[in-house]
Amino acid sequence: MSDRVRALLDALALSPASVPLRLMVIELLLAEGRGDEAAAQLDEIGGGGEPNRGEPNAAEALQGAKLAMQAGRLERALELLEAAKRQGAVEGVAELERSANAALAERGVRRLRVVRTGEGSGPPPAPVGERPTVTFADVGGLEDVKKTIHRRIVMPFRRPELYAAYGRRAGGGVLLFGPPGCGKTLLARATAGECGVPFLNVRMEEILDPYFGQSERNLHAAFESARAQAPCVLFLDELDAIAFSRRKHRGAAGRPLVDQLLQELDAIGADNRDLLVLGATNALWDVDDALLRPGRFDRLVFVPPPDVAARREILGILLRGKPQAGLDLAALAAETPLMSGADLRSLAERAIDRVIEEALEGGAEPPLSQAHLRSALAETRPSTLEWLQRARSYVEFANQAGLYEEVAAFLKSKDVKAAKRWNPPPRA
Amino acid sequence: MSAGDLSAAPLELAERYLEIERPEEALAALARATPDEDPERYHLLRAEAHLLAERPEAARDAAALGLAVEPESIPLLLVRSCCHERLGELAAAEESLLGALRQLPDEPALLCRYGRLVARGGQLDKARRLLAEARRVDPDSREAARLAMLLDYLAGDDRAAAEGGRRLLADDPEDSHGVAMLGLTLLERGDHGAAREVVVPAAALDPERLGGLAREARIRTHPLLWPLWPLQRFGSVPVWFGAVGLILVTGRLASPRVSSILALTYLAWCVYSWVVPPLLRRWVVRRGR
């Protein structure tokens with residue numbers, strides 16, 4: 001044992017609650033290859049209120065976790081990481097946690113996750129990932145979209161070795177866009193379900209905050225939480241609100257939030273390995289251009305209104321278990337071009353309201369018929385029309401980078417042509 | 001304070017939502033506030049949210065509620081004026097604007113706004129006087145430059161309007177208003193190629209506002225319309241007089257045969273001018289690019 005270590009141990013005997021001093025001793029002991037003694041000192045950090053044992057602050061706990069990793073005390077490292085989290089540490093926690101988990105996995109120990117717990121001031125509790133049970137089988141239609149997502153997003157998680165061989169890895173940024181009510185959120189959830197990883201849903205209301213700098217902190221906390229739970233899917237719903245185009249911004253207060261999101265996506269001071277960031281937006285044109293550059297949301301997936309087969313399937317699900325007679329859902333699906341899932345739900349509800357009215361007036365309980373549905377159809381307009389009209393302008397004038405190629409192809413599809421010809425049936 | 005806690009600082013949260021053009025969320029945040037603490041700001045935010053959501057009647061009512069408490073509030077007076085203007089109530093819009101101008105008579109932006117309003121009502125001389133006053137206060141005012149361009153356009157001075165538009169765009173090439181005015185002026189002058197050069201690239205940045213004008217510029221510069229250039233440049237009546245004159249003169253001075261050929265050619269050209277433009281327009285709109 002060197003003189004320096006001996007002197008420090010003497011000092012420590014006089015000030016046993018000094019965590020920085022103890023960390024210094026541990027560091028020197030490890031440098032001298034005295035792992036067992038270092039491990040014993042590690043156990044002395046933070047004693048849950050026991051006398052003579054100092055409670056580490058966030059930075060000290062993090063430093064202790066690093067030294068515990070060096071000493072091969074992985075469980076102790078995770079305990080100290082927990083302590084660091086409780087103290088509000090964010091930076092670097094995900095990386096350490098990943099290393100500890102990898103080492104634990106080698107030993108066959110079950111993976112542990114470090115998640116923020118409650119605290120007083122500062123950022124709010126970050127979202128905790130859920131494991132979605134929804135898969136692509138639960139999403140009606142959209143076969144092309146599901147196939148694209150499966151190839152580009154799910155498979156890198158399932159067969160990482162294949163993709164690694166070609167220099168690709170799981171994660172990155174994918175942006176789902178399309179008219180409202182067409183299943184973007186469900187698709188995102190199903191994507192996480194297919195990947196078999198946790199799903200963190202971050203909504204605009206959870207991020208935006210009236211106080212200066214707080215929105216950026218909320219966003220950072222969400223990303224750090226996701227990194228700590230990686231591999232996982234971080235879903236940013238209504239991305240256009242979080243990353244509203246800085247060119248169109250009516251004030252200056254929201255711009256730092258876009259900058260923060262760019263930093264998080266670029267993983268400045270952090271590691272986004274195995275973190276899939278899924279965004280969804282109805283208004284791709286309102287998303288800041290910088291987010292669509294390579295390395296950020298560089299994969300765009302257009303989620304169109306459901307096609308005729310999907311509409312048939314959705315109608316079947318919506319009307320399942322209802323008293324019905326002689327329904328021709330295939331015919332009805334053909335008469336509802338461009339209707340979103342939400343529109344079809346509205347159509348079904350209106351038809352059922354009519355049946356209930358008849359039941360109340362007549363006393364009997366008539367089944368839902370095709371006439372009820374056709375009558376409701378006369379009052380239901382596809383809500384996607386306005387979106388498609390706006391999108392047409394962007395296809396025509398703002399498609400230089402090819403962002404709207406899929407929309408352009410959809411605008412030439414049978415459904416759009418059918419919608420132009422379609423006249424709602426007269427009211428019954 | 002936790003994210004999503006709408007009960008804390010709802011006015012600030014509503015402002016954040018309005019900045020990113022989310023009027024419904026702004027109204028939801030305001031629904032958790034009361035006007036007691038800061039009535040002017042509360043009613044102003046409500047009015048702005050309704051205006052952004054294209055509900056000028058509701059915005060006007062919200063502004064009126066605010067003005068009942070703070071009758072001299074300039075922001076509220078301006079929002080109410082804007083609501084009245086959108087609803088076509090020009091006299092009421094003028095009254096609200098004058099309420100603001102009485103408090104800030106030397107504010108160029110207000111003078112120009114008033115100038116635009118009276119120009120819309122056909123009072124071009126009064127608008128010019130307001131423009132002169134605004135320029136006296138601030139010779140470099142962009143608002144004044146915009147108003148000057150509008151007045152030149154309304155007065156039929158396309159050359160001056162186009163010049164003004166070019167100066168505006170030299171300062172800020174992404175100024176949608178300037179692009180729209182310049183594009184419109186160039187189209188009116190028959191300078192379709194120049195209009196296309198100005199409007200189509202700008203429409204890439206703001207397709208919703210400039211898309212219609214850019215589409216029109218594309219149609220008018222289409223090769224199928226090149227034969228109709230005299231019609232677009234001089235108008236149908238001068239072209240008719242010119243053609244008929246030429247046919248008559250040719251009949252007198254040359255031979256009736258040549259005159260007949262000219263007459264038939266003119267007739268075919270007329271049929272072309274009736275049939276091709278509407279078909280082309282439909283095709284361009286349907287094709288979409």
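This report walks through a predicted model with two chains, A and B, from the overall make-up down to single contacts.

**The two chains side by side**

Let's start with the broad picture. Chain A holds 20 helices and five strands, while chain B has 16 helices and zero strands. Of the 428 residues in chain A, 44% count as buried; for the 289 residues of chain B, the share is 37%. Contact range is a useful second view. Taking contacts in chain A between residues at least 6 apart in sequence, 73% join residues at least 24 apart. In chain B, residues 24 or more positions apart account for 42% of the contacts with a separation of 6 or more.

**The sheet of chain A**

The five strands of chain A make an open sheet with parallel pairing, and their order is β2-β3-β4-β1-β5. Because β2 (199-202) and β5 (299-302) of chain A each have a single partner strand, they stand at the edges, and one side of each is left without a neighbour in the sheet. From one strand to the next, the twist averages 20°.

Strand β3 (residues 232-236) of chain A is a good place to look at the pairing in detail. With β2(A), the parallel pairing runs over four bridges. A:Leu200 has A:Leu234 as its bridge partner in β3(A), and A:Val202 has A:Leu236. Towards β4(A), β3(A) pairs in the parallel sense over five bridges; here A:Leu236 is matched with A:Gly279 in β4(A). A:Leu236 is thus a bridge partner of A:Val202 and of A:Gly279.

How many residues of β3(A) are buried? The strand is mostly covered, with five of its five residues buried. This holds on both faces: A:Cys232, A:Leu234 and A:Leu236 are buried on one side, and A:Val233 and A:Phe235 on the other.

**Helices on the sheet**

Two helices of chain A that pack on the sheet deserve a look. Helix α7 (residues 143-158) of chain A touches β1 (172-177), β4 (275-281) and β5 of chain A, and its direction makes about 160° with that of β5(A). Helix α9 (residues 184-195) of chain A also packs on the sheet, touching β1, β2, β3 and β4 of chain A. The direction of α9(A) makes about 165° with that of β4(A).

**A buried alanine in chain A**

Away from the strands, A:Ala65 sits in helix α4 (residues 58-70) of chain A. Why does A:Ala65 count as buried? It has 32 other C-beta atoms within 10 Å, and 20 or more are enough for a residue to be called buried. Setting aside neighbours within four places in sequence, A:Ala65 is in contact with A:Ala77, A:Leu80, A:Leu81, A:Ala84 and A:Leu96. A:Leu78, 13 residues away in sequence, lies 6.9 Å from A:Ala65, C-alpha to C-alpha.

**Helix pairs in chain B**

Now for chain B and two of its helix pairs. Two packed helices are described by the angle between their axes and the distance between the axes.

| Helix pair | Angle | Axis distance |
|---|---|---|
| α7(B) (residues 108-120) and α8(B) (residues 124-137) | about 170° | 8 Å |
| α9(B) (residues 142-154) and α10(B) (residues 158-171) | about 160° | 8 Å |

With an angle of about 170°, α7(B) is roughly antiparallel to α8(B). From α7(B), the contact uses B:Pro108, B:Leu111, B:Cys112, B:Tyr114, B:Gly115, B:Val118 and B:Ala119. Facing them in α8(B) are B:Leu124, B:Lys126, B:Ala127, B:Leu130, B:Leu131, B:Glu133, B:Ala134 and B:Val137. By class, the contact of α7(B) with α8(B) has twelve nonpolar residues, one polar and two charged.

The helices α9(B) and α10(B) are likewise roughly antiparallel to each other, and their crossing is left-handed. In α9(B), the residues that meet α10(B) are B:Ala145, B:Arg146, B:Ala148, B:Met149, B:Asp152 and B:Tyr153. Their counterparts in α10(B) are B:Ala160, B:Ala161, B:Gly164, B:Gly165, B:Arg167 and B:Leu168. The contact of α9(B) with α10(B) divides into seven nonpolar, two polar and three charged residues.

Terms used: Residues are numbered from 1 along each chain as its sequence is written. Chains are lettered from A and ligands numbered from 1 in the order in which they are written. This is a predicted model: local features need pLDDT of at least 70, side-chain atom pairs count only at pLDDT 80 or more; totals for chains, interfaces and linings use all residues. Two strands pair if DSSP finds at least two bridges between them. Axes are lines fitted to C-alpha atoms, for helices over the stretch in contact, and angles run from 0 to 180 degrees between N-to-C directions. Two residues are in contact if their C-beta atoms, placed from the backbone, lie within 7 Å. Angles under 35 degrees count as roughly parallel, over 145 as roughly antiparallel, 65 to 115 as roughly perpendicular and the rest as oblique. Ala, Val, Leu, Ile, Met, Phe, Trp, Tyr, Cys and Pro count as nonpolar, Asp, Glu, Lys and Arg as charged, and the others, Gly among them, as polar. A residue is buried if 20 or more other C-beta atoms lie within 10 Å of its own, exposed if 12 or fewer, and partly exposed in between; C-beta atoms are placed from the backbone. A crossing is left-handed if the near helix is turned anticlockwise from the far one by less than a right angle, and right-handed if clockwise.
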